[in-house]
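Q: I would like a close look at one part of this model, taken slowly and with its surroundings kept in view. Please begin with the charged pairs and then work inward.

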Amino acid sequence: MNSKNIRSVHLLIWNGLYKIFKAMITEYIEGQHIDFSQMSNDQKKACIDSLQLLHNIKCARNDLKKENFIIRKSPLGFEEAFIIDFGFSSLNKTMDLLEKEMQEFKCLLSFNDSFSSSRSDNSPRSDNSIIE
């Protein structure tokens, strides 16, 4: 998968005395961990987009917390979110489980889907809404 939010990952496998060991080697990404309640709308949207990319390959994160996201400004000035620490992740999950994880994450972020371009009312958006 080629994406600005997914970097190259290498798998290192070696034989030990009693078992086979596996490790993922990734690049170092400099940025910061930000409390979800302190994130800007752009940062929240970047986190959701990163999780959606993971879900697109049927991978559930299973441990969504601020310490597992790194936020930084791209060279072009937009917010980037990187998911890190895949120790509890699992592959080949059902769409129901992935959708549930996304909804729980949006709740954690206080993200409101009702503020999309298909809104039926004409009320102004609040400062903490995210526009898709």
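How many salt bridges does a search of the whole structure find, and how do matters stand around strand β4?

A: This is a predicted model, and a search through the whole of it finds six salt bridges. One of them joins the side chains of glutamate 80 and arginine 72, with N and O 2.9 Å apart. The two partners differ in their surroundings: glutamate 80 has a relative accessible area of 4% and is therefore buried, the cut-off being under 20%, whereas arginine 72 is partly exposed, with a relative accessible area of 22%.

Glutamate 80 belongs to β4, where Glu80 and Phe82 point one way and Glu79, Ala81 and Ile83 point the other way, all of them being buried. Because five of the five residues of β4 are buried, this strand is largely enclosed by the rest of the structure. Its pairing with β3 is antiparallel and runs over five bridges; among the paired positions, isoleucine 70 has phenylalanine 82 of β4 as its bridge partner. The hairpin made by β3 and β4 has five residues between the strands, and in this hairpin glycine 77 adopts a positive phi near 100°.

Both strands also take part in the largest nonpolar core, since β3 (69-73) and β4 (79-83), like α1 (41-56) and α2 (95-109), each supply at least two residues of this core. The largest contribution comes from α1, which gives five residues. The core has 18 residues, of which Met39, Cys47, Leu51, Phe69, Phe105 and Leu109 touch the most other members. For leucine 109, leaving aside residues up to four places away in sequence, the contacts are Phe36, Met39, Lys44, Cys47 and Ile48.

Helix α1 carries a charged pair as well, for lysine 45 and aspartate 49 meet through their side chains in a salt bridge of 3.2 Å, N to O. These two residues are four apart in α1, so about one helical turn separates them. Here both partners are partly exposed, lysine 45 at 22% relative accessibility and aspartate 49 with a relative accessible area of 34%.

Another of the salt bridges links lysine 65 to aspartate 63, with the closest N and O atoms 3.9 Å apart. At 36% relative accessibility lysine 65 counts as partly exposed, while aspartate 63, at 16%, counts as buried.

Methods
Residues numbered from 1 in each chain as written. Predicted model: local features only at pLDDT ≥ 70, side-chain atom pairs only at ≥ 80, totals over all residues. Heavy atoms only, no water. Core = buried A, V, L, I, M, F, W, Y, C linked by side-chain atoms within 4.5 Å. Buried < 20%, exposed > 50% of the residue type's maximum accessible area, 1.4 Å probe, protein only. Contact = heavy atoms within 4.5 Å. Pairing = 2+ DSSP bridges. Salt bridge = Lys/Arg side-chain N within 4 Å of Asp/Glu carboxyl O.
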